[in-house]
Amino acid sequence: MSASLHERLRDAIGAENVKTLPEDLAVYSFDAYSEGRLPSAVVIPSEAREVSAIVKIAREFGEPIIARGAGTGLCGGAVSIDGGGVVISFARMHRLLELDVPNRRARVQPGLVNLQLSQQVASAKLFYAPDPASQRSSTIGGNIATNAGGPHCLSYGTTVNHVLSLEIVDERGDVFTTDVDDAGYDLTATLVGSEGTLGIVTSAWVRLLRLPEATRVWLAAFPDIDRASETVSAIIGAGIVPTALEMMDSVIVRAVEAAFHAGYPTDAAAVLLIENAGFEDEMDACEAAIERIAREHGALSWRAARTQAERDALWAGRKGAVGALGRIAPNYYTQDVTVPRSVLPKALHAVEKASRDNDLLVGNVFHAGDGNLHPLLAYNKRDRRQVAAVLETGNAILQAAIDLGGTISGEHGVGYEKRDAMTSVYTTEDLAAMARVRDVFDPQHALNPEKIFPAGTRCIELGTR
Ligand SMILES: Cc1cc2nc3c(=O)[nH]c(=O)nc-3n(C[C@H](O)[C@H](O)[C@H](O)COP(=O)(O)OP(=O)(O)OC[C@H]3O[C@@H](n4cnc5c(N)ncnc54)[C@H](O)[C@@H]3O)c2cc1C
């Protein structure tokens, strides 16, 4: 049976675009969070018509379908957990198809890398705002499927605010389109963040923004994380919403400085990286207001990046923070929780306590303006004590966020990793409503079936079908 599945796929999209050897399949058996099992095949289509054919063939053979971008996902979304299935890689569908400058929008294929979109439209003085820290490698398709956020989503909003229209291949292999401007149900918003469980994105119109006239970047250093956190609340409380407001603790600052030599103060307990963009003549007043708030809250130092090179260096430190942690430990686990901004100090103390209780090194680098924490748990996966400590610490942080009125994922999604935690924030009725939506789009649960919904939950328990 397997051979004829492979033959049919080869006939549909060409033998060179179908991977079936175990050593090739192994490459697609993990993402940035987890290692799964080998899929039955990996296919690399070049257009929606081929995606449609692949889905029809996979369904004929009873194989689940798992869409895959760059595999940078942090919740096991793009891997086959139980083994088998057809993984659709969008590595060949990576083009900017249309640029509509007057209407500030672009039509892109799902495999286009996030940063490349902004680079390709920069000559028209436009950019694509959602900027996950993984933007050098993650794809627009993966970003849409996870509703990705990023440092600049504080003022611009997450991916869902920037998707105008989608072309989707559904579970039967049929193609349909959605458009936010059309009347009727807003299916675009339903599909964004659905993690490949409702349909497969084969192209999208996305919103572009005008490059700002002026951009300023500042770095404020603090003697403790409480004062840095209070500054975050005070800035927003004063009615100032900077374009980005990121926090890094001393573990991260030292790792980043060792890697990038960007001028981060290694004696600080916490730093805030603050960016504002807009009109040049607003910038001095904005800088003065934010600096005053930071100093009133105990900032030890305040630095303004004066040149583009200095701004780039500070951002390189922030966006490379996760990689810089590689200097400290061979492995890391990224937790992703969101809490109300006002309880950030409590949440950070809970992270500190969880890491102390489990004797684990944890660094914090996160979207402070959104209350979206990313504790990075440094460990060595060859050390079983440390692996157990990571699980304990990760769970304790998750529970603390829930207890503080927060939620189980700020932006990385649910995937396989957090599907059981869904019951901590949703009632059975809530989950049943979501399950009914999935049943409409994908009655046979052929699309990324092991994701989002708690393991072992039968439809009947959720009150569907
Ligand atoms: C160092 C690092 C930093 C990160 N920083 C951020 C951050 O700041 N903000 C943030 O939100 N995330 C961040 N992430 C997580 C990750 O990069 C995002 O979730 C990203 O959107 C995943 O994109 P991808 O192309 O790698 O998708 P993949 O990992 O390949 O897939 C992710 C999910 O999308 C689905 N999918 C992929 N393509 C399609 C498609 N065409 N149609 C339907 N479903 C599809 C997959 O099935 C899977 O469920 C970070 C990850 C790393 C490793």
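## Where domain 1 meets domain 5

Across the interface of domain 1 and domain 5, 7 residue pairs are in polar contact, with both partners at pLDDT 80 or more. On the side of domain 1 that touches domain 5, the residues split into 6 nonpolar, 3 polar and 2 charged. As for salt bridges, the rule finds 0 of them across this interface. Please keep in mind that we are looking at a predicted model.

How much area is buried between domain 1 and domain 5? The figure is about 660 Å², and carbon and sulfur atoms give 51% of that area. Within domain 1, the residues that lose the most area to domain 5 are Arg-59, Pro-64 and Ile-65, which together account for 50% of what that side buries. Counting contacts, 11 residues of domain 1 meet 7 residues of domain 5.

## The domain layout

It helps to place this interface in the whole protein. The division runs through domain 1 (2-89), domain 2 (96-210), domain 3 (214-322), domain 4 (329-403) and domain 5 (422-462). Between the C-alpha centres of domain 1 and domain 5 there are 23 Å.

## Around the ligand

Now to the ligand, which has 35 residues around it. Which of them come nearest? Those are Ala-67, Gly-69, Thr-72, Ser-134 and Thr-139.

Backbone atoms also come into the picture. For Ala-70, a backbone N or O atom lies 2.9 Å from an oxygen atom of the ligand. A polar backbone atom of Gly-142 is 3.4 Å from a ligand oxygen atom. On the nitrogen side, a nitrogen atom of the ligand has a backbone N or O atom of Val-201 at 2.9 Å. On its own the ligand has 980 Å² of accessible area, and the protein covers 94% of it.

Notes
Residues are numbered from 1 along each chain as its sequence is written. This is a predicted model: local features need pLDDT of at least 70, side-chain atom pairs count only at pLDDT 80 or more; totals for chains, interfaces and linings use all residues. Side-chain values use heavy atoms; hydrogens and water are left out. Domain bounds come from an automatic or database domain assignment. Contact means heavy atoms within 4.5 Å. Buried area is the accessible area (1.4 Å probe) that two parts lose on being put together, summed over both. A salt bridge is a side-chain nitrogen of Lys or Arg within 4 Å of a carboxyl oxygen of Asp or Glu. A polar contact is a pair of N or O atoms within 3.5 Å; within protein, one must be able to donate a hydrogen and the other to accept it, and residues adjacent in sequence count only if both atoms are side-chain atoms. Ala, Val, Leu, Ile, Met, Phe, Trp, Tyr, Cys and Pro count as nonpolar, Asp, Glu, Lys and Arg as charged, and the others, Gly among them, as polar. A residue is near a molecule or strand if one of its heavy atoms lies within 4 Å of it. Accessible areas come from the Shrake-Rupley method with a 1.4 Å probe; for residues, only the protein chains shown count as cover.
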